[in-house]
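Please read the points below beside the sequence and the coordinates. They begin with one helix and its surroundings, then turn to a pocket, an aromatic pair and the chain as a whole.

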Amino acid sequence: MMDRSGLSRQLVLSMSAMALSVMLLLHVSFYMFYAVAMKLNPSLVSPSVDSWPPTTSEWILIATITLLGLALAVHTAIRFSRRIIQPLNSVTESVRRLARGDLDARAHTEDRSLGEASALVEDFNSMAERLQRMTGELVTWNAAIAHELRTPVTILRGRLQGLAEGVFQPDEALFRSLLTQVEGLSRLIEDLRVLSLADSGHLSLRTETIDLSEEIRATVQLVEPDLRAARLVAAVQLPSCQVECDVARMRQVVIALLENARRYAQPGALRIEAGCDGEEFTLGVEDDGPGIPDDVAAHIFEAFVRGDDSRARHSGGSGLGLAIVRAIVHAHGGRVGCAMGARGGTRFTLSIPCHQ
């Protein structure tokens with residue numbers, strides 16, 4: 001049913017007024033022509049037209065034509081207004097449902113020929129889908145953060161309570177254990193801070209032009225003892241390349257990639273290769289296995305995503321390392337990727353412009 005007020009009513013009234021005005025103008029123009037023609041040259045008009053003003057039957061004809069035209073205009077206006085109002089009403093109702101917390105609300109349109117109205121419906125649905133996805137991600141984040149914080153906090157509480165009650169004797173080993181838990185909490189908090197800054201677009205970079213390959217080589221040497229302990233042999237191929245970047249952040253990226261390999265890759269070679277064409281610097285880190293399924297690889301750079309959840313938790317990973325890699329690389333205007341390597345392992349790649 002047409003709304004008695006609002007846009008529908010305005011459309012009907014406007015189209016009816018326009019139709020009435022056009023018909024009246026045509027009628028008046030028609031009879032003015034007859035009146036002038038009869039005065040100037042009667043031969044121009046039909047012999048049967050011999051009087052002015054119009055007769056009663058002519059007035060009836062005029063009124064009938066006017067009413068028929070007005071009815072047609074109203075009918076057309078109503079149908080046209082319904083085509084316009086239906087998607088608008090659908091969007092309005094969906095907005096109300098969203099405001100009440102129904103994130104499944106979606107707008108619909110029965111007519112795709114109205115481009116602007118259809119675009120409005122599609123844009124609203126895209127917004128609603130993104131809002132629903134972000135809300136779901138927020139719930140997942142809260143649950144994941146609570147899970148990651150629970151273990152170190154529980155350990156710290158138990159150890160400190162044992163010290164307070166005299167169950168544990170204070171010694172260097174116990175204090176080092178507590179310090180390890182505190183350091184883990186500090187890393188988790190810093191990772192969450194970096195991701196929050198990246199998501200809000202406030203991750204600042206202090207760029208300078210350096211030989212990035214040399215910095216990567218130094219970082220690999222720094223963590224090489226840990227790699228050897230995991231029975232990983234680093235094979236480095238890093239040609240010299242001048243890149244404008246945030247040195248500390250890129251060092252953090254390399255450490256995250258190497259730490260990911262140390263935790264999850266099987267013993268074997270760890271190939272660290274770089275390339276530079278003067279416009280873009282590319283880095284690849286590839287292990288010998290066991291590899292990551294394609295469905296997981298597509299989301300591996302998202303926070304708290306793990307290829308093998310049980311194995312990842314046993315190895316102590318928080319699930320934020322690769323998300324940090326993506327955030328920093330994107331802040332440099334680059335891109336990241338994950339795919340199956342030539343030897344059946346996993347190959348992580350990143351590319352950043354040489355000049356910001």
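1. A contact here means heavy atoms within 4.5 Å, and that is the sense in which one element is said to cover another below. The model is a predicted one. With this in mind, the buried residues of helix H9 are covered by parts of the chain that include H4, helix H6 (247-264), strand E6 (335-340) and E7.

2. Which residues of H9 are buried? They are Leu322, Ala323, Ile324 and Val325, together with Ala327, Ile328 and Val329. After H9 comes Gly333, and its phi is positive, near 80 degrees.

3. Helix H9 (321-331) also takes part in the second largest pocket, since it is listed with helix H3 (115-165) and helix H4 (172-199) as an element that supplies at least two residues of the lining. H4 thus appears in two roles, among the elements that cover the buried residues of H9 and among those that supply the pocket lining. The greatest contribution to this lining is that of H3, which gives six residues.

4. The second largest pocket has a volume of about 680 Å³, and 23 residues line it. Those nearest its centre are Glu137, Trp141, Asp199, Ala303 and Arg326. Sorted by class, the lining consists of 13 nonpolar, six polar and four charged residues.

5. How many aromatic pairs does the model contain under the rule applied? The count comes to one. It is formed by Phe301 and Phe348, whose ring centres are 5.9 Å apart and whose planes stand at 85 degrees; because an angle over 60 degrees counts as edge-to-face, the pair is assigned to that class.

6. Where the two partners of this pair sit in the chain deserves a separate remark. Phe301 belongs to the loop between helix H7 (294-297) and helix H8 (309-315), whereas Phe348 belongs to strand E7 (residues 346-353), so the pair ties together parts that are 47 residues apart in sequence. Both Phe301 and Phe348 are buried, and E7, which holds Phe348, is also among the elements that cover the buried residues of H9.

7. For the chain as a whole, the secondary structure comprises nine helices and seven strands, and buried residues make up 34% of its 356 residues. Of the contacts with a separation of 6 or more, 66% are between residues 24 or more positions apart. The chain exposes about 21,400 Å², of which carbon and sulfur atoms supply 58%.

Conventions. Residues numbered from 1 in each chain as written. Predicted model: local features only at pLDDT ≥ 70, side-chain atom pairs only at ≥ 80, totals over all residues. Heavy atoms only, no water. 1 Å grid on protein atoms, 1.4 Å probe; cavity = no way out; pocket = protein on both sides within 12 Å on 5 of 7 lines; lining within 4 Å. Points joined across faces, edges and corners; volume = space filled by probe spheres on them. Helix = DSSP H or I, 4+ residues; strand = E, 2+ residues; numbered from the N terminus. Nonpolar A, V, L, I, M, F, W, Y, C, P; charged D, E, K, R; others polar. Phe/Tyr/Trp six-rings, centres within 6.5 Å; stacked < 30°, edge-to-face > 60°. Buried < 20%, exposed > 50% of the residue type's maximum accessible area, 1.4 Å probe, protein only. Areas by Shrake-Rupley, 256 points an atom, 1.4 Å probe, with all protein chains shown as cover.
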